[in-house]
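User: I am new to this structure. Please take a close look at its charged side chains, and then place them in the wider picture.

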Amino acid sequence: MPLETAEYLLALPEIWVLGMACLILVLDLFIRDDSRILTYLMVQATLVVAALITLAVQVPEPVLAFGNTFISDGMATVLKLFIYLVTGMGFLYARPYLQDRGLFKGEFYVLGLFAMLGMMIMVSASHFLTIYLGLELLSLCLYAMVAFNRDSGTCSEAAMKYFVLGALASGMLLYGISMLYGATGSLEIAAVASAIAAEEGSSIVLIFALCFIVVGLAFKLGAVPFHMWVPDVYHGAPTPVTLFIGSAPKIAAFAIVMRVLVDGLGGLVADWQGMLVILAVLSLAVGNVIAIAQTNLKRMLAYSTISHVGFLLLGILAGTPDGYAAAMFYIITYALMAVGAFGMIILLSRAGFEADELEDFRGLNARNPWFAFMMLILMFSMAGVPPTVGFYAKLSVLQAVIQVDMVWLALVAVFFSVIGAFYYIRLVKIMYFDSPTDEAALQSNPGLRAVLSVNGLAVLGLGVFCCCISS
Amino acid sequence: MSFERIIFYAFAAILVYAAGRVVTARNPVHAALHLVLAFFTCAGLWLLLEAEFLAIVLVLVYVGAVMVLFLFVVMMLDINSAPLREGFIRYLPVGLAVAALMLFEMVAIVGVRYFGPEQVAIPARHPEGYSNTAELGRVLYTDYVYPFEIAAVILLVAIIAAIVLTMRRRPETKYQDPAKQVQARKADRLRVVKMSAEKKQ
């Protein structure tokens, strides 16, 4: 099978990011510590050019390449663009934090680029092998990034937990994939789908494979009851790494859930729908209820992530194009909100001081009204208060669920969202109605402040925009 | 019974025995050596399946590199395995029950019913002169070139991550600088003190 130049063109964004990551890895060795910012600028330029290339090579119809292991389609293009955006914002927020703590090394950004490459591979995979390899590439980078601050015991502990549970999840996923290969005789997603369609009724070995695949995916998404690693890793990792883990990889995880469950195992929708219902309801319940008991903001946001994953699963289990679109909108919105919320922790932190307790936000309005307002927008958006974009994301998911006559599920989701609103609004109360214990002015660089403001206003502005087009 | 089948059962028996000894051997070095035996017999089984390239790679990579390093580490670390074995008898019944249940469940679902000779055709014998290595290479560099490249990137990331996590200056470690050591002169280390004789008290 000869490889055509056109195939390489389709994968040009991946090739570009890989080439630049290798180049930056080498160039970084020749850059002195005081001009490390050059590495950072090269990484951001790589992201911008990657976005331009992705736009340039997009195709109107889905195209397969490299022996059907790679797919280029609309979903891949959109998700890749958002992955660049969220990753770039994550890198930007990370810089002052790393500089203050002597962690501003080129390797952080190189590992971040490789992690992003893994996400890109996952997003445009059309073969179970590619999905698995992309996932491993992403995970391996994330393990190393969690342990990046080697002198911190909590970081090493978090990395160890993440590594062991991540390896277990990969094992589950691989076992499911191997069973699937045995049952259908192929690992190409399209071939698996047609093999399942050709079979009358679903054989028990396919269900067996499906169970393991769903468990593996749920581990990676952090859905209850496979969520144990999420709070510990979010809490233990350095804040910029938590920001990174909590945002862009969720978009990639959504993509592989779509590719595997919808594109590949779409014929088994009746079987995985029930599994996702259990995962979604448990995630909504556990995430929202346990978050109330947290005093640490990073842990609270970790449980909030779990509840958002529940919402994401609601959209997917609806099993309609509307549901998938709603889930995609939800996960992109969530990534934007998560980046902003963790960015606020970085904004309030300074060398030797982590502002990751709820108490650290006490009286923020008196110290800096503008950023208190930004945090208010982000929290309202996570809680789903109109007119922020979080409200419209929740609304579209609920509409999709009601359309397929699962009204009870929508009621459960609303019920737990109301419970969840308590802990988001409690933070707003702490910021606005409690007197500050720490009067020091915020010390942070103007770039961080500007992007955080844009981030917060985007969450509000997109919500108003959705309001205008829906009314 | 054909000779090939006799070889298969002999290798399979040795493999099961070696794998069992890996878990039960008291001495970690013995366990590691049994693992080497397990890999060797596994390679033999693969040869029977006409997968000669994979068999040789298994011996070269796992026996030649991985297990040697593993043995090295086992010998360097003084692992006292006695505490690890406490309660072995106590937990044995529960462990056996769970293992038997899982085995039963797995066999019930993924038994010969789905993967037996009726479902999956027995692979045909390849003609003489068929090169397994060439076939693997051909598939690896054409159909699977994209996953192959990703695997290469994963290995690169593993190298970077290992270096990032281990190469750092630690102020508390003491290390020698041989260059400074050989440059030391007598005057740096020895101070001759002149003092006048004193009367014994």
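Analyst: What follows starts with the charged pairs and then moves outward.

This is a predicted model, in which local features need pLDDT of at least 70 and side-chain atom pairs count only at pLDDT 80 or more, while totals for chains, interfaces and linings use all residues. Residues are numbered from 1 along each chain as its sequence is written, chains are lettered from A and ligands numbered from 1 in the order in which they are written, and side-chain values use heavy atoms, with hydrogens and water left out.

Side chains of opposite charge can pair when their charged atoms come close. Here a salt bridge is a side-chain nitrogen of Lys or Arg within 4 Å of a carboxyl oxygen of Asp or Glu. Over all chains, the structure holds 17 salt bridges.

Take one network. Salt bridges link A:Glu157, A:Lys161, A:Asp232 and A:Arg299. Within it, A:Lys161 pairs with A:Asp232, their closest N and O atoms being 3.0 Å apart. The two residues are 71 residues apart: A:Lys161 is in helix H7 of chain A and A:Asp232 in helix H10 (residues 229-236). Helices (H or I, at least four residues) and strands (E, at least two) are DSSP runs, numbered from the N terminus.

How covered are these two? Buried means under 20% relative accessible area, exposed over 50%, and partly exposed in between (1.4 Å probe, protein chains only). A:Lys161 counts as partly exposed because its relative accessibility is 31%. A:Asp232 is partly exposed too, at 24%.

A:Arg299 brings in helix H14 (residues 297-317) of chain A. Its side chain also makes a polar contact with the side chain of A:His235, at 3.2 Å. A polar contact is a pair of N or O atoms within 3.5 Å; within protein, one must be able to donate a hydrogen and the other to accept it, and residues adjacent in sequence count only if both atoms are side-chain atoms. Contact in general means heavy atoms within 4.5 Å. Leaving aside neighbours within four places in sequence, A:Arg299 is in contact with A:Pro231, A:Asp232, A:His235 and A:Gln294.

Now a second group. A:Arg362 bridges to A:Glu359, with closest N and O atoms 2.7 Å apart. A:Arg362 also meets A:Asp434 in a salt bridge (3.4 Å, N to O). A:Asp434 lies in the loop between helices H19 (407-433) and H20 (446-470), and A:Arg362 in the loop between H15 (321-348) and H16 (364-367), so the pair ties together parts 72 residues apart in sequence. A:Asp434 is buried, at 17% relative accessibility. A:Arg362 is partly exposed at 22%, as is A:Glu359 at 43%.

What about the boundary between the chains? The count of salt bridges between chain A and chain B is zero. One residue pair there is in polar contact, both at pLDDT 80 or more. Helices H2 (12-27), H5 (106-123), H6 (128-146), H7 (153-184) and H9 (204-221) of chain A each supply at least two residues of the side that touches chain B. H6(A) gives the most, with nine residues.

In total, 38 residues from chain A and 24 residues from chain B take part. One residue touching across the boundary is A:His127, whose contacts include B:Tyr144. A:His127 sits in the loop between H5 and H6 of chain A. At 3% relative accessibility, A:His127 is buried.
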